[in-house]
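Let's take a friendly look at this chain together. Have the sequence and the 3D view ready, and follow along section by section.

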Amino acid sequence: MSKKKDPSVLDGFKAFLMRGNVVDLAVAVVIGAAFTNIVNSMVKGVINPLVGAIGTQNLDHYSLCLKDPCVVTADGTVKSGVPILWGSVLGATLTFLITATVVYFLMVLPMSKYLARQAAHKAAREGTKEVVEVTELEVLKEIRDALVAQRASGHDER
């Protein structure tokens with residue numbers, strides 16, 4: 001009696017890690033982390049100074065006090081009052097919009113145009129192939145019809 005060896009948990013884990021989509025996901029996470037640093041630098045170096053032209057350079061300082069007196073320490077700890085820190089929400093929203101814009105225009109849009117072009121080329125090739133197949137089918141039908149006609153005329157002569 002030979003016993004069939006069940007795959008070990010380690011073998012299953014290695015197979016999971018070596019799947020293409022898992023490796024692609026890992027690469028995407030690393031690239032995303034690096035891209036986040038670029039976007040954060042853009043917000044701190046460009047967006048915040050532009051906002052600073054009309055107010056403070058740090059959006060986190062924009063707040064609304066619901067219950068006076070609002071006292072918030074430099075590290076963000078609330079000492080008293082109920083502050084609504086809408087500036088940090090605005091900063092996060094700007095960061096998201098910049099990230100989404102760059103991802104869409106530099107990655108999604110070019111890739112979708114490329115895939116659409118590839119699909120059009122494939123459809124054109126398949127369309128040409130169908131035309132060739134239809135033409136060959138028509139020729140074969142004509143040959144068949146000629147053979148049937150030839151046989152029918154051959155039977156009449158006998």
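## Getting oriented

Helices (H or I, at least four residues) and strands (E, at least two) are DSSP runs, numbered from the N terminus. Keep in mind that this is a predicted model.

## Ser 63 and its surroundings

With those labels in hand, Ser 63 is easy to place: this residue sits in the loop between helix H2 (20–52) and strand E1 (64–72). Its relative accessible area is 40%, and because partly exposed covers the range between 20% and 50%, Ser 63 falls in that class.

Which residues does Ser 63 contact, leaving aside its neighbours within four places in sequence? They are Ile 84, Leu 85 and Trp 86. For Leu 85, the C-alpha atom lies 4.4 Å from that of Ser 63, although the two residues are 22 residues apart along the chain.

## The largest pocket

Ser 63 and Leu 85 also turn up together in the lining of the largest pocket. Other lining residues include Asn 58, Asp 60, His 61, Asp 75 and Ser 88. The stretch Val 72, Thr 73, Ala 74 and Gly 76 contributes as well.

The volume of this pocket is about 230 Å³. Sorted by class, its lining has six polar, three nonpolar and two charged residues.

## The salt bridge

How many salt bridges does the structure hold? There is one, and it joins Asp 145 to Arg 144, with the closest N and O atoms 3.1 Å apart.

Both partners can be checked for exposure. Asp 145 is partly exposed at 42% relative accessibility, and Arg 144 is partly exposed too, with a relative accessible area of 48%.

Technical notes:
Residues numbered from 1 in each chain as written. Predicted model: local features only at pLDDT ≥ 70, side-chain atom pairs only at ≥ 80, totals over all residues. Heavy atoms only, no water. Salt bridge = Lys/Arg side-chain N within 4 Å of Asp/Glu carboxyl O. Buried < 20%, exposed > 50% of the residue type's maximum accessible area, 1.4 Å probe, protein only. 1 Å grid on protein atoms, 1.4 Å probe; cavity = no way out; pocket = protein on both sides within 12 Å on 5 of 7 lines; lining within 4 Å. Points joined across faces, edges and corners; volume = space filled by probe spheres on them. Nonpolar A, V, L, I, M, F, W, Y, C, P; charged D, E, K, R; others polar. Contact = heavy atoms within 4.5 Å.
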